[in-house]
Amino acid sequence: MTTTKPDEGSVRKIPVLPRTIAALVAIGGITLAVLYPAESYLWVKAIHVIAVISWMAGMLYLPRLFVYHCAAEPGSVQSETFKVMEQRLLKAIIDPAMGITWLAGLWLAWQSAAYMDGWFHVKFLAVLILSGAHGYFSKAVRLFAQDRNEKPARFWRMMNEVPAVLMIIIVLMVIIKPF
């Protein structure tokens, strides 16, 4: 069975439309927040929730791709396909969603003075850890792209649970506000 590799540039090409939409949403949200802060709170909150959902969807799917990628022979068509999928998921969805989540979330925390509450401190710590996991997954995408992954599929199955646990903590803090 012969395998063909896509040209080197195909792994790095990221669709412009998702990045453009993310930039327009961020610019629109910031403009709205600056010009009409009182009226914009719910709009920014909605943008924040949409971005969080997108970020979490990507963070839950990416390590699952790593599990499947581990089973693919390096250099095979299947491996090269996973490289493209991982790169596009990261750059077109996860990265912009995280940026919008952070921008909108910080603005909301400032506007509502939530940063002074205990529940927010726990939520903020969980979001920091989630951002660290995001960075770790970004590094893994680079390593997989270079056929240098050294972690077994079992490791990535366990890592798949990290965003889920953090999401549960974050949602409980935001909804219940236990302290």
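Here are a few worked exercises on the predicted model above. Residues are numbered from 1 along each chain as its sequence is written, and side-chain values use heavy atoms, with hydrogens and water left out. Since the model is predicted, local features need pLDDT of at least 70 and side-chain atom pairs count only at pLDDT 80 or more, while totals for chains, interfaces and linings use all residues.

**Exercise 1: the overall layout**

Work out which secondary structure elements the protein chain has, and what its C-alpha trace spans.

Solution. Start with the elements: there are seven helices and zero strands (DSSP runs numbered from the N terminus, helices being H or I of at least four residues and strands E of at least two). In sequence order that reads α-α-α-α-α-α-α. Next, the C-alpha trace spans about 60 × 35 × 15 Å along its principal axes. Then look at burial: 38% of the 179 residues count as buried (under 20% relative accessible area; exposed is over 50%, partly exposed in between, with a 1.4 Å probe and protein chains only). Last, take contacts (heavy atoms within 4.5 Å): among those between residues at least 6 apart in sequence, 79% join residues at least 24 apart.

**Exercise 2: the core and H5**

Find out which residues of the largest nonpolar core touch the most other members, and which helix gives the most to this core.

Solution. The core (buried Ala, Val, Leu, Ile, Met, Phe, Trp, Tyr and Cys residues joined through side-chain atoms within 4.5 Å) has 26 residues, and Leu62, Phe66 and Trp156 touch the most other members. Helices H3 (37-71), H4 (77-112), H5, H6 (153-159) and H7 each supply at least two residues. The top contributor is H5, with eight residues. Now zoom in on phenylalanine 66: leaving aside neighbours within four places in sequence, its contacts are Glu86, Phe137, Ala140, Val141, Phe144 and Trp156.

As for H5, its 28 residues reach 41 Å from first C-alpha to last, close to the 40 Å expected at 1.5 Å a residue (1.5 Å times one less than the number of residues). Just after H5, aspartate 147 takes a positive phi of about 55°.

**Exercise 3: one histidine**

Is histidine 134 buried or exposed, and what does it touch?

Solution. First place the residue: histidine 134 lies in H5, residues 118-145. Its relative accessibility is 4%, so it counts as buried. Not counting residues up to four places away in sequence, histidine 134 touches Trp55, Met59, Leu90, Ile94, Asp95 and Met98.

**Exercise 4: the two sides of H7**

Sort out which residues of H7 are buried, and what covers them.

Solution. H7 runs over residues 161-176. Pro163, Ala164, Leu166, Ile170 and Met173 are buried, and their cover includes H3, H5 and H6. Isoleucine 176, also in H7, counts as exposed because its relative accessibility is 54%. Right after H7 comes lysine 177, with a positive phi near 50°.

**Exercise 5: alanine 33**

Which residues are in contact with alanine 33, leaving aside its neighbours within four places in sequence?

Solution. Alanine 33 sits in H2, residues 16-35. With a relative accessible area of 9%, alanine 33 is buried. Its contacts, on that count, are Ser40, Val44 and Trp107. To finish, check a C-alpha pair: alanine 33 and glutamine 111 are 78 residues apart along the chain, and their C-alpha atoms are separated by 9.8 Å.
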